[in-house]
Amino acid sequence: MSDNKPIVIIGAGVIGLTTAVRLVESPLFAASKHPIHILANHLPNDPLDPYYASTIAGAHHLSFADDSDLRQRTYDTRTFQVMYNEWEREGEKTGLMVLKQTEYYVGTDSHLKVYEDHPDFTVLDKSTYSAPVDHSVSFTSLTMTPSVYLNRLLKKLEGKVQIHRHHLPSLSHLSHPSCTALIGSQSPLAVFVCTGIGALTLGGVEDRDVYPTRGQVIKLRAPWMRSGWTRQVGSLDGGEGGERTYIIPRYNGEVIIGGTREQGDWYPYPREETTEDILKRAQEICPDLVPPYTKGQEMSSSPLEEIVEGVLVGFRPSRIGGIRVDIGDDLYLGNDKVKVIHNYGHGGAGWQSCWGTAEDAVDQLLKSL
Ligand SMILES: Cc1cc2nc3c(=O)[nH]c(=O)nc-3n(C[C@H](O)[C@H](O)[C@H](O)COP(=O)(O)OP(=O)(O)OC[C@H]3O[C@@H](n4cnc5c(N)ncnc54)[C@H](O)[C@@H]3O)c2cc1C
């Protein structure tokens, strides 16, 4: 094996960047110094774009893993552990906020078992909430401010990884002059596919099981909010079923409220009627969102409207069968064989599973060499 063949990561969302961090920390990089390159259409600090899900996300750590789905539970639990440790060591400048999370359920009297592993897990007594909620639990969880956390990942890669804005139409284009000008003329040792929704169209991958789950959310300025709330109506069904309302406070005083989960819907702009519905639902589950200084005032519109900072839309990179983390068929560039490691299809759970899947993807490469 040539010692200085490059390793390429396609994608600079939370999945591509966490994969790059774990690669840089791996013995493979330390021992042989393979140059690492990231190629991506979108980079952190770009204007928000529905096709760049990592920057649109809320984001909170609230696993959707079914009780029997041990793989997803492991990814999510590991990610919680990594982020919680970061917060313990460095506090909120990480972009992470640890908070009390309360979950309301309507139409079911059970919760996902994975929540029982969180600190401070409690089943709330029925006398503490009112109808029409059927079941409620609370526990300690955390939220992320995507722009801050993504920039922190970039900082960890500084001087170790070269990042290029580049659209790759197909894996075979890695040997095209437009690409070799960036990564050098040697064929890569391996390529990680961390393209999110782009896995649907990237030549050589074109995974037809990938589809968008449109999400519309509202960003508020409400620094008095320091705890999170959700209400799930109907079955969660792996994260995409029923109606889900959530309130996600961030450490910096922003609060994301949502949301929608519209499968197969590519409409990239906010829908006015959805915005009104989210404002109404959020206020129903958390009256404390109303600015304290407006209480008691006569208002013609929603009291939340004056704290709205923006309405965002993004496409969650969903996949039939769940996240794909595996080694695919080898890619041939001329006579050179290139390992292909997939790490995409995280749906609505990419933030809460990123470290678990990054570690799995890098381990799989190491074991395959
Ligand atoms: C409204 C909303 C709320 C969400 N809330 C949460 C939450 O609370 N918790 C949670 O865990 N998750 C949440 N998610 C889901 C989470 O955002 C995604 O699962 C995660 O961001 C996926 O990350 P990714 O890196 O795979 O994809 P992305 O962030 O979309 O990044 C994909 C990268 O690949 C690049 N790329 C794609 N194709 C190509 C190509 N052909 N050539 C070059 N580059 C390419 C893109 O430019 C980009 O850099 C939410 C998502 C949305 C939309």
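Start by selecting Ala 59, which sits in the loop between α3 and α4 (70–90). Helices (H or I, at least four residues) and strands (E, at least two) are DSSP runs, numbered from the N terminus. Look at the bond leading into Ala 59: the peptide bond from Gly 58 is cis, with omega near -5°.

A quick note before moving on. What you have open is a predicted model, where local features need pLDDT of at least 70, side-chain atom pairs count only at pLDDT 80 or more, and totals for chains, interfaces and linings use all residues. Residues are numbered from 1 along each chain as its sequence is written.

Next, pick Gly 259, in the loop between β11 (254–258) and β12 (262–263). Here too you'll find a cis peptide bond, running from Gly 258 to Gly 259 with omega near 0°. Then try Asn 45, in the loop between β2 and α3. Asn 45 isn't a glycine, yet its phi is positive, near 85°.

Now select helix α1 (residues 14–24) together with helix α5 (residues 146–157): their axes come within 10 Å and cross at roughly 30°. Axes are lines fitted to C-alpha atoms, for helices over the stretch in contact, and angles run from 0 to 180 degrees between N-to-C directions. α1 and α5 are therefore roughly parallel (under 35 degrees; over 145 is roughly antiparallel, 65 to 115 roughly perpendicular and the rest oblique). Show Val 14, Leu 17 and Val 21 of α1 with Leu 150 and Leu 153 of α5, which are among the residues making the contact (C-beta atoms, placed from the backbone, within 7 Å).

Keep α1 and add helix α8 (residues 350–368), packed at about 40° with the axes 8 Å apart. That angle makes α1 oblique to α8. For the side chains here, Ile 15 and Arg 22 are among the α1 residues, and Trp 351 and Trp 355 among those of α8.

Last stop: the ligand. Which residues are closest? Among the 41 that surround the ligand, they are Gly 13, Gly 196, Gly 198, Gly 314 and Gly 350 (a residue is near if its C-beta atom, placed from the backbone, lies within 6 Å). Elements giving two or more residues to this shell include α1, β2 (36–40), α3 (53–56) and α8. Colour the shell by class and you get 20 nonpolar, 20 polar and one charged (Ala, Val, Leu, Ile, Met, Phe, Trp, Tyr, Cys and Pro count as nonpolar, Asp, Glu, Lys and Arg as charged, and the others, Gly among them, as polar).

Terms used
Two residues are in contact if their C-beta atoms, placed from the backbone, lie within 7 Å.
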